[in-house]
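Here's a quick tour of the structure, written for someone who'd rather be at the bench. Have the model open while you read.

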Amino acid sequence: MKGSRVAGMQLMLEDIRAEVAYTRSMIGRDELSEAVLVAMSKVPRDEFVPNDLKAAAFDNGPLPIGHGQTISQPYIVALMSDLLALHPGQTVLEIGTGSGYQTAVLSRLCQTVYSVELVPLLADAAARRLADLGYDNVHLRQGNGYEGWPEHAPYDGIIVTAAAPYIPEALVDQLKPDGRLVIPVGAPHGRQELMVVTRDRHGRTQTENILGVAFVPLVDARGAAEQGV
């Protein structure tokens, strides 16, 4: 397993570099930071996918993890992590824990990760998985991602791993000055755009469109409850 994992990770990193080269005119960079690539090389993606999909764990594509959710394509995980521009002493908020894979990558880039997951079974499974694998600088809770996690705000960065129809104001409010929010925005079956929102010291925001993407929808628990979901 160890040898196949190393080989799989090497191929995954090669695919990420190839995707960066292919999309460089859109993402505005010729390469991702070495810190992000090192983090990607240290997190065993095969530990975060269902048993019957482990053979595809290092393929450069999303995979289903149950409950209508997915583990994102490695290139997108790397790109979104890079767009956060995190530093070792910083704190990040993740909306949409899922399997915990993006959480684990972030944990290797900053001091503390807070992560919110709406689906209780996914939240519980991710918490156990991350603890078993030794990721001790992450804090998880089950809750509505649209509300963020205000108790630990403000954050140096916030990352959203599902597509919202709009940029939630609560998340922008929980950013530190000069903090970055990386979020896919758009309709579930329509056009979605990966965006970076920055907030200056006066509370003013600036939004940059990065790349067309396809994510599962970010569910608002309040609206779902009202609709009986």
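The notes below go through confidence, the sheet, the helices packed on it and the two main pockets.

## How far to trust it

Keep in mind that this is a predicted model. Mean pLDDT for the protein comes out at 93, with 96% of residues reaching 70 or more.

The stretch to be wary of is residues 224-229, where pLDDT stays under 50. The model has just 2 contacts for that stretch beyond four places in sequence. Where pLDDT is low, predicted coordinates shouldn't be read in detail.

## The sheet

What order do the strands of the open sheet take? Walking across, you meet β5-β4-β3-β6-β7-β8-β9, which makes 7 strands with mixed pairing. β5 (138-142) and β9 (205-213) sit at the edges with a single partner strand each, so one side of each has no neighbour in the sheet. On average, neighbouring strands are turned by 15 degrees against each other, ignoring direction.

Now look at β6 (residues 155-160) and β7 (residues 175-186): these two run parallel and are joined by 4 bridges. Ile 159 is a handy landmark, standing opposite Val 182 in β7.

## Helices on the sheet

Helix α3 (residues 74-84) lies across β3 (91-95), β6, β7, β8 (192-199) and β9. Relative to β7, α3 runs at about 155 degrees.

Helix α5 (residues 120-132) packs on the sheet too, touching β4 (112-117) and β5. The direction of α5 makes about 160 degrees with that of β5.

## The largest pocket

The largest pocket holds about 390 Å³ of space. Its lining runs to 31 residues, with Gln 69, Gly 96, Gly 98, Glu 117 and Thr 161 lying nearest the centre. Elements giving two or more residues to this lining are β2 (69-71), α3, β3, α4 (101-107) and β4.

As for chemistry, the lining of the largest pocket splits into 16 nonpolar, 13 polar and 2 charged residues.

## The second largest pocket

Which residues lie nearest the centre of the second largest pocket? They're Pro 62, Gln 73, Ile 76, Ala 214 and Phe 215, out of 14 lining residues. The space here is about 230 Å³.

At least two lining residues come from each of α1 (2-27), α3 and β9. Edge strand β9 gives the largest share, 3 residues. By type, the lining of this second pocket has 8 nonpolar, 5 polar and 1 charged.

Technical notes:
Residues are numbered from 1 along each chain as its sequence is written. This is a predicted model: local features need pLDDT of at least 70, side-chain atom pairs count only at pLDDT 80 or more; totals for chains, interfaces and linings use all residues. Side-chain values use heavy atoms; hydrogens and water are left out. Two strands pair if DSSP finds at least two bridges between them. Axes are lines fitted to C-alpha atoms, for helices over the stretch in contact, and angles run from 0 to 180 degrees between N-to-C directions. Contact means heavy atoms within 4.5 Å. pLDDT is the predictor's confidence in each residue, from 0 to 100. On a 1 Å grid over the protein atoms alone, a cavity is a set of points where a 1.4 Å probe fits but cannot get out, and a pocket is an open set with protein on both sides within 12 Å along at least five of seven lines; lining residues have an atom within 4 Å of a point. Grid points are joined across faces, edges and corners, and a volume is the space filled by probe spheres set on the points. Ala, Val, Leu, Ile, Met, Phe, Trp, Tyr, Cys and Pro count as nonpolar, Asp, Glu, Lys and Arg as charged, and the others, Gly among them, as polar.
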